[in-house]
Amino acid sequence: MKQNLGLKDYAGYGIGDMAINFTFASLGMYVVYFYTDVVGVSATIIGTLMLFSRSFDGVIDVCVGSLVDKTSSRWGKTRPWLLFGCVPLAILTALLFAVPANVSDTVKVVYIFVSYNLLMVAFSSIAIPYGTLNSLVTQDQGQREKFNLARMFLAQIGVLIVTNLTLPLVNAFGNKQSSWVWTYAILAAIGVVLLLIVFKTQRERVQQPHKEKIPLSISLKALAQNKYWFLAFGFFVVWSVMYALTQGSLVYYAKYILNDAGYVGVLSIGYLAPCMVMLVVCAKLYEKYGKTRVLLAASVVSIIGYALPMLMPSSFGFIMFTQIVKGIGYGPMLGAVWALFPDTIEYGYAKTGVRNEGLLYSGGSLGQKIGVGVGTALTGWVLGWGGYDGTKAEQSASAINSIYQIYVWIPIALFVVSIVILCFYDIDKKYAEIMEGVARRNAENKEAKEA
């Protein structure tokens with residue numbers, strides 16, 4: 001299973017997540033702001049639309065995953081999706097911002113609903129095959145970890161590009177609604193090139209053996225007995241809500257508390273630069289202390305980072321410092337959150353004898369989409385509750401308070417919930433025992449086949 005792969009292979013794969021984040025990071029950072037402050041639609045309405053659309057996206061993921069499993073072509077199982085899906089994704093990303101002007105709010109809302117959900121279909125048609133590609137490039141566990149590290153690292157580069165180029169490009173194109181269309185047409189076009197590079201440089205080297213199909217009823221019964229999967233799923237949902245609030249609230253905080261929306265880019269650097277450093281070193285931390293302990297420590301650091309802004313809320317320098325603290329906590333979480341699910345797969349197999357990777361991973365994806373949907377919806381709902389009006393240059397005291405809620409207090413509450421969940425997630429202490437159970441299951445299966 002060892003593969004002689006190098007930096008060219010890692011970078012060729014990782015830039016795909018950079019391209020994906022030209023869309024994904026934009027949805028988290030700017031789309032609610034664009035709809036409320038540029039298009040002028042009610043924050044409450046946008047929040048409700050985002051919740052439905054993001055949850056719908058989780059269902060799309062499961063459907064696309066099933067179709068990818070059935071795909072067979074001269075390019076393999078996943079690469080043709082990248083080849084034929086990159087251009088539709090780019091077009092729909094730009095069209096997301098082409099909301100008709102001089103029409104009723106009803107027409108605007110219908111356009112937003114249709115364009116957003118079409119984009120979600122196109123996005124899943126790239127993101128799911130791209131994620132699956134990693135398991136088909138190599139079976140070398142060490143190489144897979146390096147591919148994942150390259151993916152996460154370059155994904156943050158994509159986020160930095162979006163956060164630092166979007167508003168400057170919008171201003172360069174005249175700071176009109178059409179400026180957003182041109183900006184994302186450029187970013188999406190670059191994304192097409194990057195995804196084509198992934199298609200060109202990667203190869204599906206792993207041949208999938210025939211696997212006996214497990215009836216859904218048996219798989220669901222086994223899932224019901226997997227307590228650690230439910231804890232990991234709950235943590236993932238809570239963490240994803242927090243992530244969406246962090247992304248969505250920053251532009252509002254910069255514009256109305258720091259009085260300059262242009263600070264978004266540099267504040268994002270303050271958040272993501274330490275995160276990227278932590279991604280490089282956190283593997284050693286997981287190995288020494290276990291993922292659960294590291295996640296608990298990262299949650300405490302994050303709570304401190306989110307609470308600090310209340311000391312000097314309108315000081316740009318101090319807020320930059322708090323972003324650095326948040327980034328130190330965010331890095332270990334980003335590096336570990338998807339790594340929770342493989343452990344639950346081994347636990348479930350040892351306990352029940354049923355190995356249902358597909359169901360468990362698709363459930364993880366669904367949890368992420370539900371969490372991001374709830375977080376994005378909360379951004380709109382809380383702003384709407386506070387009387388926020390994106391068409392006004394000055395906001396009321398209640399609207400400013402709603403910004404503090406989504407930037408400070410709700411994330412802190414979510415981290416407290418995540419700490420409670422992690423206190424029950426003691427799988428690290430039992431992992432050696434679990435793997436002994438896995439070995440026994442494998443031996444039993446081997447004996448049954450030989451008999």
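## Close-up views of a predicted model

**Figure 1. Asp 17 and Arg 151 form a salt bridge, with their closest N and O atoms 2.6 Å apart.** The two residues come from distant parts of the chain: Asp 17 sits in helix H1 (residues 7–29) and Arg 151 in helix H6 (residues 141–172), 134 residues apart. A salt bridge here is a side-chain nitrogen of Lys or Arg within 4 Å of a carboxyl oxygen of Asp or Glu. Helices (H or I, at least four residues) and strands (E, at least two) are DSSP runs, numbered from the N terminus. Asp 17 counts as buried, at 10% relative accessibility. Arg 151 is partly exposed, with a relative accessible area of 22%. Buried means under 20% relative accessible area, exposed over 50%, and partly exposed in between (1.4 Å probe, protein chains only). The model is predicted: local features need pLDDT of at least 70, side-chain atom pairs count only at pLDDT 80 or more, and totals for chains, interfaces and linings use all residues. Residues are numbered from 1 along each chain as its sequence is written, and side-chain values use heavy atoms, with hydrogens and water left out.

**Figure 2. Asp 426 pairs with Lys 430 in a salt bridge.** The closest N and O atoms of Asp 426 and Lys 430 are 3.7 Å apart. Asp 426 is partly exposed, at 24% relative accessibility. Lys 430 is also partly exposed, at 32% relative accessible area. A search of the whole structure finds 4 salt bridges.

**Figure 3. Glu 444 and Arg 441 form a salt bridge within helix H16 (residues 427–450).** Their closest N and O atoms are 3.8 Å apart. The two residues are 3 residues apart, about one turn of the helix. An α-helix has 3.6 residues a turn, so residues three or four places apart point the same way. Glu 444 is partly exposed at 45% relative accessibility. Arg 441 is partly exposed too, with a relative accessible area of 23%. Helix H16 also holds Tyr 431. Tyr 431 counts as partly exposed, at 27% relative accessibility. The C-alpha atoms of Tyr 431 and Leu 82 are separated by 37 Å, and these residues are 349 residues apart along the chain.

**Figure 4. Helix H12 (residues 316–336) bends by about 25° at Tyr 330.** The bend is the angle between axes fitted to the seven residues ending at a residue and the seven starting there. A proline, Pro 332, follows Tyr 330 within four residues. The 21 residues of H12 should span 30 Å at 1.5 Å a residue, and the end C-alpha atoms are 31 Å apart, which agrees. The expected span is 1.5 Å times one less than the number of residues. Of the 21 residues of H12, 16 are buried, so the helix is largely enclosed by the rest of the structure.

**Figure 5. Helix H11 (residues 291–307) crosses H12 at roughly 155°.** The two axes come within 8 Å. That makes H11 roughly antiparallel to H12. Axes are lines fitted to C-alpha atoms, for helices over the stretch in contact, and angles run from 0 to 180 degrees between N-to-C directions. Angles under 35 degrees count as roughly parallel, over 145 as roughly antiparallel, 65 to 115 as roughly perpendicular and the rest as oblique. The crossing of H11 and H12 is left-handed. Left-handed means that the near helix is turned anticlockwise from the far one by less than a right angle; clockwise gives right-handed.

**Figure 6. The axes of H1 and H7 come within 8 Å and cross at roughly 155°.** H1 is thus roughly antiparallel to H7. Their crossing is left-handed. Ser 179 lies in helix H7 (residues 177–201). Ser 179 counts as buried, at 0% relative accessibility. The C-alpha atoms of Ser 179 and Asn 102 are separated by 17 Å, with their positions 77 residues apart along the chain.

**Figure 7. Asn 102 has a positive phi of about 55° although it is not a glycine.** Most residues other than glycine have a negative phi. Asn 102 is in the loop between helix H4 (79–95) and helix H5 (105–137). Asn 102 is exposed, at 82% relative accessibility.

**Figure 8. Asn 259, not a glycine, has a positive phi of about 65°.** The loop holding Asn 259 runs between helix H9 (227–256) and helix H10 (264–289). Asn 259 is exposed, with a relative accessible area of 63%.
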